[in-house]
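This report looks at how a protein meets a DNA strand, and then at the protein interior. The structure comes first.

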Amino acid sequence: MKIEDLKKLTPSFYTQKNVLAVAKSLLGKLLVTQFNNQLTISRIVETEAYEGITDKASHAYNNRRTTRTEIMFGNGGFSYVYLCYGVHYLFNVVTHTINHPHAVLIRATEPIVGIEAMLERTGKLTLDYSLTKGPGNVAKAMGINKLHSGINLQSNELFIADDGYKIFTNNILATKRIGVDYAGEDALLPYRFIVKDNLYVSGKKSQNIAV
DNA sequence: CCAATGATTGCCT
DNA sequence: GGCAATCATTGGC
């Protein structure tokens with residue numbers, strides 16, 4: 001796979017008003033990073049939607065606008081990366097338009113290109129499903145950190161592409177979001193989307209992958 | 001200024 | 001299943 005063959009998702013994809021539709025559409029798309037000339041690609045299999053100022057689980061809830069979340073208040077199509085628990089970077093895609101701080105968290109992917117680099121970045125010796133299972137692991141394997149917050153997803157170093165791979169609607173499951181119990185009734189919203197039976201989806205025990 | 005905390009993970013029992 | 005790691009950000013004083 002060559003980077004010039006990959007078709008980036010357009011700005012109008014990201015500025016859609018329905019963040020749930022975007023979160024679902026992102027399933028099956030390719031997350032591409034090329035930092036320091038190292039190409040890594042993985043396929044998105046789990047997402048979570050954060051619906052702006054009315055969503056108690058969102059960093060932008062109640063129009064809370066801070067230095068960290070400022071990028072969410074800008075136009076869709078940019079990355080929002082932040083440090084969680086002082087330990088893990090989580091990669092989000094900003095959606096909707098200016099002053100509508102919606103975002104989609106990428107929670108799990110399936111490694112496609114640059115697996116050696118991913119193993120090196122994560123300090124793993126062998127490939128198993130934990131390599132890109134869970135949002136912290138996705139960012140680590142793809143080489144995404146705080147420096148990559150606010151990047152335009154039309155950039156060549158970080159973007160999402162469509163290679164024609166289709167996920168059918170009946171293979172998508174919606175569940176409540178993970179780790180947002182503090183959000184009261186909003187913690188129950190079915191805003192997490194997963195590819196049915198995909199072994200990289202978070203929450204299952206990892207096992208070795210047959211070669 | 002400073003204490004509290006989290007959109008998690010992995011190791012321990 | 002329980003919990004420690006670890007720190008930028010946040011909000012209160």
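## Polar contacts with the DNA

This is a predicted model. In the side chain of histidine 59, an N or O atom is 2.7 Å from a phosphate oxygen of DNA strand B. Glycine 136 also reaches a phosphate oxygen of DNA strand B, through a backbone N or O atom at 2.9 Å. Glycine 86 addresses a base instead: one of its polar backbone atoms is 3.4 Å from a base nitrogen of DNA strand B.

Four elements give two or more residues each to the surface near DNA strand B: strand 4 (79-84), strand 5 (88-95), strand 6 (102-113) and helix 4 (135-142).

## The surface around DNA strand B

There are 22 residues around DNA strand B. His59, Tyr82, Asn92, Gly134 and Tyr182 come nearest. By class, 11 are nonpolar, eight polar and three charged.

On the DNA side, sugar or phosphate accounts for 48% of the strand B atoms within 4 Å of the protein. The rest belong to bases.

## The nonpolar cores

In soluble globular proteins, nonpolar side chains tend to be buried together. Here the largest nonpolar core has 40 residues. Leu26, Leu31, Phe91, Ile106, Ile144, Leu158 and Ile160 have the most contacts inside it.

What does phenylalanine 91 contact, leaving aside its neighbours within four places in sequence? Its partners are Leu31, Ser79, Tyr80, Val81, Val104, Leu105, Ile106, Ile144, Leu153 and Leu158. Another core lies apart from the largest one. This other core has 15 residues, among them Tyr80, Val94, Leu105 and Ala187.

How values were computed. Residues numbered from 1 in each chain as written. Chains lettered and ligands numbered in written order. Predicted model: local features only at pLDDT ≥ 70, side-chain atom pairs only at ≥ 80, totals over all residues. Heavy atoms only, no water. Near = heavy atom within 4 Å. Polar contact = N/O pair within 3.5 Å; in protein donor to acceptor, adjacent residues only side chain to side chain. Nonpolar A, V, L, I, M, F, W, Y, C, P; charged D, E, K, R; others polar. Core = buried A, V, L, I, M, F, W, Y, C linked by side-chain atoms within 4.5 Å. Buried < 20%, exposed > 50% of the residue type's maximum accessible area, 1.4 Å probe, protein only. Contact = heavy atoms within 4.5 Å.
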